[in-house]
Amino acid sequence: MKFAIALFSPPNAPSSRRALRFAEAALAGGHQIVRLFFYQDGVHNASSTPVTPQDEMDLPAAWRQLVEQHALDGVVCIAAALRRGVLNDGEAQRYERSASVQAPWELSGLGQLHEAAQLADRLVCFGGP
């Protein structure tokens, strides 16, 4: 089965960890993830700037490792990211700020979520209002 996963929650929310565990289980079960899409506060999961306390799971690092290990398409909503100060090198230079998102993440538009839903058998969403 092909899954698209959308994450709306920040790293400290339980749904962010559940989304990661779901993605890991799907891949371990032989399923495909056509795209991970981080939206709203979920964009913070792609940021490299937070420092996670030693006694907590570093979810941004775990997401990065999963994306790199499985060569997944990891997309961060550009509008949500800009609003929250989560910037890649290009946007950081444009707005004269510091970058907090590097490869493997790609900043792109909401159309990527729509496309992922069309490519996948199931769109699974975690978090949100």
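Where is the place of glutamate 96? Select glutamate 96 and you will find it in the loop between α4 and β4, in what is, throughout this tour, a predicted model. We will come back to this residue at the end, after walking through the strands, the largest pocket and the salt bridges.

**The strands and the helices between them**

Begin with strand β2, residues 32–38. Six of its seven residues are buried, so β2 is largely enclosed by the rest of the structure. Now add strand β1, residues 2–7, which runs parallel to β2 and is joined to it by six bridges. If you want one position at which to check this pairing, select alanine 6, whose bridge partner in β2 is phenylalanine 37.

Keep phenylalanine 37 selected and look for its partner in strand β3, which is valine 75. Strand β3 covers residues 74–77, and it pairs with β2 in the parallel sense over three bridges. The path of the chain from β2 to β3 goes through helix α2, residues 59–70, and this β-α-β crossover is right-handed. Helix α1, residues 14–28, belongs to another such arrangement, since β1, α1 and β2 make a right-handed β-α-β unit.

**The largest pocket**

Next, select Pro11, Asn12, Thr52, Glu56 and Met57, which are the residues nearest the centre of the largest pocket among the 13 that line it. The volume of this pocket is about 240 Å³. Colouring the lining by residue type will show nine nonpolar, two polar and two charged residues. Both α1 and α2 take part in this lining, each supplying at least two residues.

**Salt bridges**

The structure holds six salt bridges, and the tour stops at several of them. Side chains of opposite charge can pair when their charged atoms come close.

Select arginine 35 and glutamate 115, which form a salt bridge with their closest N and O atoms 3.0 Å apart. Glutamate 115 lies in helix α5, residues 111–119, while arginine 35 is in strand β2, so the pair ties together parts that are 80 residues apart in sequence. Is each partner buried or exposed? Arginine 35 is buried, with a relative accessible area of 7%, whereas glutamate 115, at 38%, counts as partly exposed.

Now extend the selection to Asp73, because Arg35, Asp73 and Glu115 are linked in a network of salt bridges. Aspartate 73 sits in the loop between α2 and β3, and at 25% relative accessibility it counts as partly exposed. From aspartate 73 you can also draw a distance to alanine 116, 43 residues away along the chain, and the separation of the two C-alpha atoms is 9.9 Å.

For another stop, select aspartate 41 and arginine 84, whose side chains meet in a salt bridge at 2.7 Å, N to O. Aspartate 41 lies in the loop between β2 and α2, and arginine 84 in the loop between α3 (78–83) and α4 (89–95), so this pair ties together parts that are 43 residues apart in sequence. Aspartate 41 is partly exposed, with a relative accessible area of 34%, and arginine 84 is also partly exposed, with a value of 27%.

The last salt bridge of the tour lies within helix α4. Glutamate 91 and arginine 94 form it, with their closest N and O atoms 3.6 Å apart, and because the two are three residues apart in the helix, about one helical turn separates them. Glutamate 91 is buried, with a relative accessible area of 13%, but arginine 94 is exposed, at 58%.

**Backbone details in the loops**

Finish with the backbone, and select alanine 103 and proline 104, which are joined by a cis peptide bond with omega at about 20 degrees. Proline 104 is in the loop between α4 and β4 (106–108).

Move to alanine 71, in the loop between α2 and β3. Its phi is near 50 degrees, a positive value in a residue other than glycine, and alanine 71 counts as exposed at 68% relative accessibility.

The tour ends where it started, at glutamate 96 in the loop between α4 and β4. What is the phi of glutamate 96? It is near 55 degrees, again a positive value in a residue other than glycine, and glutamate 96 is exposed, with a relative accessible area of 72%.

Notes
Residues are numbered from 1 along each chain as its sequence is written. This is a predicted model: local features need pLDDT of at least 70, side-chain atom pairs count only at pLDDT 80 or more; totals for chains, interfaces and linings use all residues. Side-chain values use heavy atoms; hydrogens and water are left out. Buried means under 20% relative accessible area, exposed over 50%, partly exposed in between (1.4 Å probe, protein chains only). Helices (H or I, at least four residues) and strands (E, at least two) are DSSP runs, numbered from the N terminus. Two strands pair if DSSP finds at least two bridges between them. A crossover is right-handed if, with the strands pointing away from the viewer, the path from the first strand over the helix to the second runs clockwise. On a 1 Å grid over the protein atoms alone, a cavity is a set of points where a 1.4 Å probe fits but cannot get out, and a pocket is an open set with protein on both sides within 12 Å along at least five of seven lines; lining residues have an atom within 4 Å of a point. Grid points are joined across faces, edges and corners, and a volume is the space filled by probe spheres set on the points. Ala, Val, Leu, Ile, Met, Phe, Trp, Tyr, Cys and Pro count as nonpolar, Asp, Glu, Lys and Arg as charged, and the others, Gly among them, as polar. A salt bridge is a side-chain nitrogen of Lys or Arg within 4 Å of a carboxyl oxygen of Asp or Glu.
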